[in-house]
Amino acid sequence: MKKETPRTPNKVLLFAKINGYDNVIFKCEWEGYLIYEPYWEHVKEPLYIGEPQFILYKMGKVRFCALEEYSKFVDYLEE
């Protein structure tokens, strides 16, 4: 049975918008963090220069993931 996608906290969406993105999509849960990928509405595919950007949310706190964290949770990402 597939797990239900959690509701996106307003803080996450606001964080994405402040940082120039239009919206976010939930990717996975990892070590208590809800992980979101920000995107622009007008772009059809993700644009990456280097590692992709992900937003981490846990206990009311929002931040971009650090490079060393990305390498730890990349295997949990749902396609």
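**Exercise 1. Find out which element holds L34, and whether L34 is buried or exposed.**

Start with the element: L34 sits in strand β2. Keep in mind that you're looking at a predicted model. Next, check the relative accessible area, which is 16% for L34. The cut-off for buried is under 20%, so L34 counts as buried.

**Exercise 2. Work out which residues L34 touches, leaving out those up to four places away in sequence.**

Go through the neighbours in sequence order. Early in the chain there's P6. Then come F26, C28 and E29. After those you'll find I55, L56 and Y57. Now try a distance: P9 is 25 residues from L34 along the chain, and the C-alpha atoms of the two are 9.8 Å apart.

**Exercise 3. Describe how β1 and β2 are arranged, and what happens at the turn of their hairpin.**

First, the direction: β1 and β2 run antiparallel, and seven bridges join them. Second, pick out a facing pair: W30 stands opposite Y33 in β2. Third, look at the turn, where two residues lie between the strands. One thing to spot in this hairpin is E31, with a positive phi near 45°.

**Exercise 4. List the residues of the largest nonpolar core and say which elements give two or more of them.**

Begin with the members. There are 10 residues: C28, W30, Y33, I35, F54, L56, C65, Y70, F73 and L77. Now the elements: β1 (23-30), β2 (33-39) and α2 (67-73) each supply two or more residues to this core. There's also a second, separate core of nine residues, with V12, A16, Y21 and I55 among them. As background, nonpolar side chains tend to be buried together in soluble globular proteins.

Zoom in on W30, a member of the largest core. Setting aside residues up to four places away in sequence, W30 touches I35, E69, K72, F73 and Y76.

**Exercise 5. Step back: in what order do the elements of the chain run, and how much of the chain is buried?**

Count first: the chain has two helices and four strands. Reading from the N terminus, the order is α-β-β-β-β-α. Then burial: 32% of the 79 residues count as buried. For the outside, the accessible surface is about 6000 Å², and carbon and sulfur atoms make up 53% of that. Last, contacts: take those between residues at least 6 apart in sequence, and 35% of them join residues at least 24 apart.

Methods: Residues numbered from 1 in each chain as written. Predicted model: local features only at pLDDT ≥ 70, side-chain atom pairs only at ≥ 80, totals over all residues. Heavy atoms only, no water. Core = buried A, V, L, I, M, F, W, Y, C linked by side-chain atoms within 4.5 Å. Buried < 20%, exposed > 50% of the residue type's maximum accessible area, 1.4 Å probe, protein only. Contact = heavy atoms within 4.5 Å. Areas by Shrake-Rupley, 256 points an atom, 1.4 Å probe, with all protein chains shown as cover. Pairing = 2+ DSSP bridges.
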